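Here are my notes after a pass through the model, point by point. Have it open beside you while you read.

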Amino acid sequence: MAPTGEELEKQAAALRESNPGNRAAKYFDQAYYDGLSDEDKETFYKCIKTGFDNADSGMGCYAMTPTDYTTFAPFFAKAIGDYHKGDPACAEKHENDWDISGVGEGGVLDLQKLGLAEELSMRVRVGRNLASFPLPGAMTKEDRIKFEVTMTGSFDALKEKFGGTVYSYSPDLGEGVEHPNKIDEEKYNELVAAHVMFKDMAADTYLASAGIADDWPYGRGCWQSDDKQCIVWFGEEDQLRIMCMKRGTKLNEVFDRLKTMLDTIESIDGITFATSSKYGYVTSCPSNLGTGMRASVHVKIPNLTADGTETKAKAVCKPLGLSVRGTGGEHTPIGADGTVDISPSARLFIKESAIVQALYDGLKLLLDAEKAAAPAEA
């Protein structure tokens with residue numbers, strides 16, 4: 001049974017004082033909560049529970065079904081507007097558009113022509129969920145098994161195009177039903193160590209509070225292509241995390257291949273990605289709504305980072321909405337050779353094509369600045 005509005009307001013008030021950035025507490029409204037039906041109170045409480053359990057949460061909430069962003073719009077719209085635009089009253093509407101034909105030379109983004117001397121590590125991933133299932137926080141063990149079975153046709157289609165193998169950590173597909181793709185603990189640990197598979201989510205208190213880590217390891221696994229450049233996780237924070245990575249100089253290649261993967265998955269009858277008319281592709285966490293995308297490249301800029309920091313690179317990239325960080329992620333040091341991770345920070349209220357454009361423009365400016373920062377010849 002969900003707590004009373006009075007109980008939650010008391011907790012929210014304390015959180016607002018101790019952790020003002022916690023959006024679950026910041027936008028909790030007792031009058032709104034008290035006006036919900038008993039059934040909606042149960043669902044809404046599940047949505048905000050992680051923020052109330054984890055005081056240091058920034059977002060502090062997860063949707064439980066694809067329609068929650070509409071059903072609980074008086075709460076979610078404020079939290080989403082605040083997070084993505086710094087404006088709880090934000091009324092923008094998201095548009096998805098993958099057409100990059102207007103970027104570079106007819107959609108070919110050859111960074112060698114911008115002065116790139118060596119290949120880059122390029123990677124892009126998106127989160128997706130199916131419209132026909134609850135989101136991971138509300139899925140039962142039976143839902144998780146059914147989801148994995150439902151995805152069989154899509155994985156078969158991916159294997160036709162890219163080869164590869166499905167690895168499932170699910171113990172079975174229901175009582176007495178053997179699993180054809182089952183792996184043991186040794187293989188699972190090997191895949192985790194190789195960054196092909198994700199870790200046990202129970203250790204993540206945010207996901208555990210939201211119910212996303214429940215029923216481990218049922219419905220959890222991955223597919224990897226023969227060339228190791230394409231991976232699909234299933235059963236993580238979103239039902240699907242779809243990734244493409246490679247070393248090269250043509251930035252469009254990873255985006256084009258990822259789009260092919262997405263189209264292949266959704267080409268199977270019964271497979272439709274969950275979308276919102278306002279927020280684009282639906283994800284469990286509001287921070288990933290819209291494109292659900294994170295795109296990044298590792299680029300070597302030893303001249304701009306000669307002082308041991310990414311300060312100069314950030315000055316170039318920030319106006320384009322690009323983040324600069326160490327190659328191990330946020331708060332990690334830059335590479336000893338001056339390699340940094342560049343990625344667009346926006347997910348929502350930005351088109352996929354605009355993300356590609358921002359990366360391309362940012363890399364052009366970075367490479368120009370790197371050349372200008374070269375030591376003068378004696």
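1. Internal space first. This is a predicted model, and a search for enclosed voids of 30 Å³ or more turns up one cavity. Its volume comes to about 40 Å³. Which residues line the largest cavity? They are Met139, Arg144, Phe147, Tyr218, Gly219, Gly235 and Gln239. Sorted by class, that lining has three nonpolar, three polar and one charged residues. As for the idea behind the search, rolling a probe the size of a water molecule over the atoms shows where empty space is left.

2. Helix H7 is worth a look alongside that cavity. H7 runs over residues 141–150, and Asp143, Arg144, Ile145, Phe147 and Glu148 are buried in it. Arg144 and Phe147 also turn up in the cavity lining. What do the buried residues of H7 pack against? Helix H8 (152–162) is one partner, and the others listed are strands S2 (165–168), S4 (230–234) and S5 (240–248).

3. Now the open space. The second largest pocket holds about 290 Å³. It has 19 lining residues, and those closest to its centre are Leu116, Ala117, Glu118, Val299 and Lys300. Three elements each put at least two residues into the lining: strand S1 (120–128), strand S8 (293–300) and helix H13 (352–372). H13 gives the most, with four residues. By class, the lining of this pocket splits into seven nonpolar, four polar and eight charged residues.

4. Is aspartate 341 buried or exposed? With a relative accessible area of 4%, aspartate 341 falls under the 20% cut-off, so it counts as buried. Aspartate 341 sits in strand S10, which covers residues 339–344. Its side chain makes a polar contact of 3.1 Å with the side chain of histidine 298. Once neighbours within four places in sequence are set aside, aspartate 341 is in contact with Arg294, Ser296, Val297 and His298, and also with Ser323, Val324, Arg325, Gly326 and Thr327.

5. Aspartate 110 is another buried acid, at 13% relative accessible area. Aspartate 110 is in the loop between H6 and S1. What does the side chain of aspartate 110 reach at 3.1 Å? The backbone nitrogen of glutamine 112. Outside the four-place sequence window, aspartate 110 touches Thr249 and Lys250.

6. Helix H6 (residues 73–85) has a run of buried positions: Phe75, Phe76, Ala77, Ala79, Ile80, Gly81, Asp82 and His84. The cover over these residues includes four helices, namely H2 (23–26), H3 (30–34), H4 (38–53) and H5 (68–71). For reading lists like this one, recall that an α-helix has 3.6 residues a turn, so residues three or four places apart point the same way. Just after H6, glycine 86 takes a positive phi of about 70°.

7. Glycine 280 belongs to the short list of positions I'd click on. Glycine 280 is in strand S7 (residues 280–281) and is buried, with a relative accessible area of 4%. How far apart are glycine 280 and lysine 93 in sequence and in space? The pair is 187 residues apart in sequence and 8.4 Å apart in space, C-alpha to C-alpha. Beyond four places in sequence, glycine 280 touches His94, Asn96, Ala274, Thr275 and Gly290.

8. Alanine 208, in helix H10 (residues 205–209), is partly exposed, with a relative accessible area of 34%. Alanine 208 and alanine 89 are 119 residues apart in sequence and 30 Å apart in space, C-alpha to C-alpha. Leaving out neighbours within four places in sequence, alanine 208 is in contact with Ala202, Ala213 and Asp214.

9. Finally, the overall picture. The protein has 13 helices and ten strands. Its radius of gyration is 22 Å, close to the 21 Å that the globule rule gives for 378 residues, so the protein is as compact as a globular protein of that length. Along the principal axes, the C-alpha atoms fill a box of roughly 75 × 50 × 40 Å. Of the 378 residues, 53% count as buried. Among contacts between residues at least 6 apart in sequence, 70% join residues at least 24 apart.

Notes
Residues numbered from 1 in each chain as written. Predicted model: local features only at pLDDT ≥ 70, side-chain atom pairs only at ≥ 80, totals over all residues. Heavy atoms only, no water. 1 Å grid on protein atoms, 1.4 Å probe; cavity = no way out; pocket = protein on both sides within 12 Å on 5 of 7 lines; lining within 4 Å. Points joined across faces, edges and corners; volume = space filled by probe spheres on them. Nonpolar A, V, L, I, M, F, W, Y, C, P; charged D, E, K, R; others polar. Buried < 20%, exposed > 50% of the residue type's maximum accessible area, 1.4 Å probe, protein only. Polar contact = N/O pair within 3.5 Å; in protein donor to acceptor, adjacent residues only side chain to side chain. Contact = heavy atoms within 4.5 Å. Rg over C-alpha atoms; globule rule 2.2 N^0.38 Å.
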